[in-house]
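Visitor: I would like to be guided through a protein structure by way of questions and answers. May we begin with the charged side chains and then turn to the backbone?

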Amino acid sequence: MITLTVNGERVTRHVEPRRHLIDFLRLDLGLTGSHAGCEHGVCGACTVRVDGEIVRGCLVLAASLDGAEVVTIEGLSDSGEVADLQANFVARNAAQCGFCTPGMIMTAADILAHAKEAGGGTPSRAEIREHLSGNYCRCTGYQAIVDAVEDTLKARAEHA
Ligand code: FES
Ligand code: FES
């Protein structure tokens with residue numbers, strides 16, 4: 001049995017030792033916002049936050065997370081933490097098929113959070129690209145995604 005906090009709610013479940021976090025979230029908890037793509041740690045579609053840091057849900061065993069705090073795209077959306085980023089994704093047409101989008105938003109949220117910790121400086125487009133490089137998107141060519149992240153960073157820096 002493990003007990004963890006998922007999107008602010010305490011959850012206690014029996015998990016098989018080899019159950020990966022992404023399957024635990026999707027299949028056991030019904031949180032299907034995070035996607036399973038490659039299931040080998042390559043594509044980033046399964047990105048979620050564990051204890052404040054982003055991880056690949058397909059590489060982490062759920063059984064290892066007793067006591068952890070997990071945030072999925074559902075929790076991130078509900079909290080409003082990235083409402084501006086999501087609006088910019090829409091405005092910039094940064095989601096085409098949308099399969100990569102939840103993982104992209106989780107990773108972009110990490111860029112925003114770290115920029116804030118670093119004192120509000122705005123990372124360059126190259127730095128944004130570097131940070132997003134572990135998340136594969138087959139549709140957008142990344143241009144629109146980088147635009148959306150950059151717009152959000154700049155707007156937050158202006159209003160800080
Ligand atoms: S499904 Fe986890 S990195 Fe691709
Ligand atoms: S929008 Fe389709 S993979 Fe990114």
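**Charged pairs and their surroundings**

Guide: In this predicted model, R19 and D28 form a salt bridge, with their closest N and O atoms 2.7 Å apart.

Visitor: Are R19 and D28 buried, partly exposed or exposed?

Guide: A residue is called buried under 20% relative accessible area and exposed over 50%, with partly exposed in between. R19 has a relative accessibility of 26%, and D28 has 28%. Both values lie between the two cut-offs, so R19 and D28 are each partly exposed.

Visitor: How many salt bridges does the structure hold?

Guide: Side chains of opposite charge can pair when their charged atoms come close. The pair of R19 and D28 is a salt bridge of this kind. For the structure, the number of salt bridges is eight.

Visitor: How many residues apart along the chain are R49 and E81?

Guide: R49 and E81 form a salt bridge, and their closest N and O atoms are 2.9 Å apart. R49 belongs to strand 3, while E81 sits in the loop between helix 2 (73-79) and helix 3 (83-91). The pair thus links distant parts of the chain, and the separation is 32 residues.

Visitor: Which is buried and which is partly exposed, R49 or E81?

Guide: The cut-off for buried is under 20% relative accessible area. E81 has 32% and is partly exposed. At 12% relative accessibility, the buried residue is R49.

Visitor: Which parts of the structure does the salt bridge between D147 and R92 tie together?

Guide: The closest N and O atoms of D147 and R92 are 3.6 Å apart in this salt bridge. The two residues are 55 residues apart in sequence, so the pair ties together separate parts. These parts are helix 6 (residues 143-159), which holds D147, and the loop between helix 3 and helix 4, which holds R92.

Visitor: Is D147 buried or exposed, and what is the state of R92?

Guide: D147 has a relative accessible area of 15%, so it falls under the 20% cut-off and is buried. R92, at 37% relative accessibility, lies in the range between buried and exposed. The state of R92 is therefore partly exposed.

Visitor: Which residues are linked with D147 and R92 in a network of salt bridges?

Guide: D147 and R92 form a salt bridge with each other. Both also belong to a network of salt bridges. The other members of this network are R125, E150, D151 and K154.

Visitor: Which residues gather in the patch of negative charge on the surface?

Guide: One member of the patch is E117, placed in helix 4 (residues 101-117). E117 has a relative accessible area of 64%, which is over 50%, so E117 is exposed. The patch consists of D51, E53, E69 and E117.

**Backbone and neighbours**

Visitor: Where does E39, which has a positive phi although it is not a glycine, lie?

Guide: The phi of E39 is about 60 degrees. E39 is partly exposed, with a relative accessible area of 43%. Its place is the loop between helix 1 and strand 3.

Visitor: What is the phi of Y142?

Guide: Y142 lies in the loop between helix 5 (125-132) and helix 6. Y142 is not a glycine, although it has a positive phi. The value is about 75 degrees.

Visitor: Which backbone atom does the side chain of T47 reach?

Guide: T47 is placed in strand 3 (residues 47-50). With a relative accessible area of 4%, T47 is buried. At 2.6 Å, its side chain reaches the backbone oxygen of G44.

Visitor: What distance separates the C-alpha atoms of F99 and S34?

Guide: F99 is found in the loop between helix 3 and helix 4, and it is partly exposed at 39% relative accessible area. F99 and S34 are 65 residues apart in sequence. In space, their C-alpha atoms are separated by 9.0 Å.

Visitor: How far apart in space are I2 and R13, C-alpha to C-alpha?

Guide: I2 lies in strand 1 (residues 2-6) and is buried, with a relative accessible area of 3%. In sequence, I2 and R13 are 11 residues apart. Their C-alpha separation is 5.6 Å.

Methods. Residues are numbered from 1 along each chain as its sequence is written. Chains are lettered from A and ligands numbered from 1 in the order in which they are written. This is a predicted model: local features need pLDDT of at least 70, side-chain atom pairs count only at pLDDT 80 or more; totals for chains, interfaces and linings use all residues. Side-chain values use heavy atoms; hydrogens and water are left out. Patches are made of residues with over 30% relative accessible area and no salt bridge: like charges are joined within 9 Å, nonpolar side chains (Val, Leu, Ile, Met, Phe, Trp, Tyr) within 5 Å. Accessible areas come from the Shrake-Rupley method with a 1.4 Å probe; for residues, only the protein chains shown count as cover. A salt bridge is a side-chain nitrogen of Lys or Arg within 4 Å of a carboxyl oxygen of Asp or Glu. Lys and Arg count as positive and Asp and Glu as negative; His and the chain ends are not counted. The place of a charge is taken as NZ of Lys, CZ of Arg, CG of Asp or CD of Glu. Helices (H or I, at least four residues) and strands (E, at least two) are DSSP runs, numbered from the N terminus. Buried means under 20% relative accessible area, exposed over 50%, partly exposed in between (1.4 Å probe, protein chains only). A polar contact is a pair of N or O atoms within 3.5 Å; within protein, one must be able to donate a hydrogen and the other to accept it, and residues adjacent in sequence count only if both atoms are side-chain atoms.
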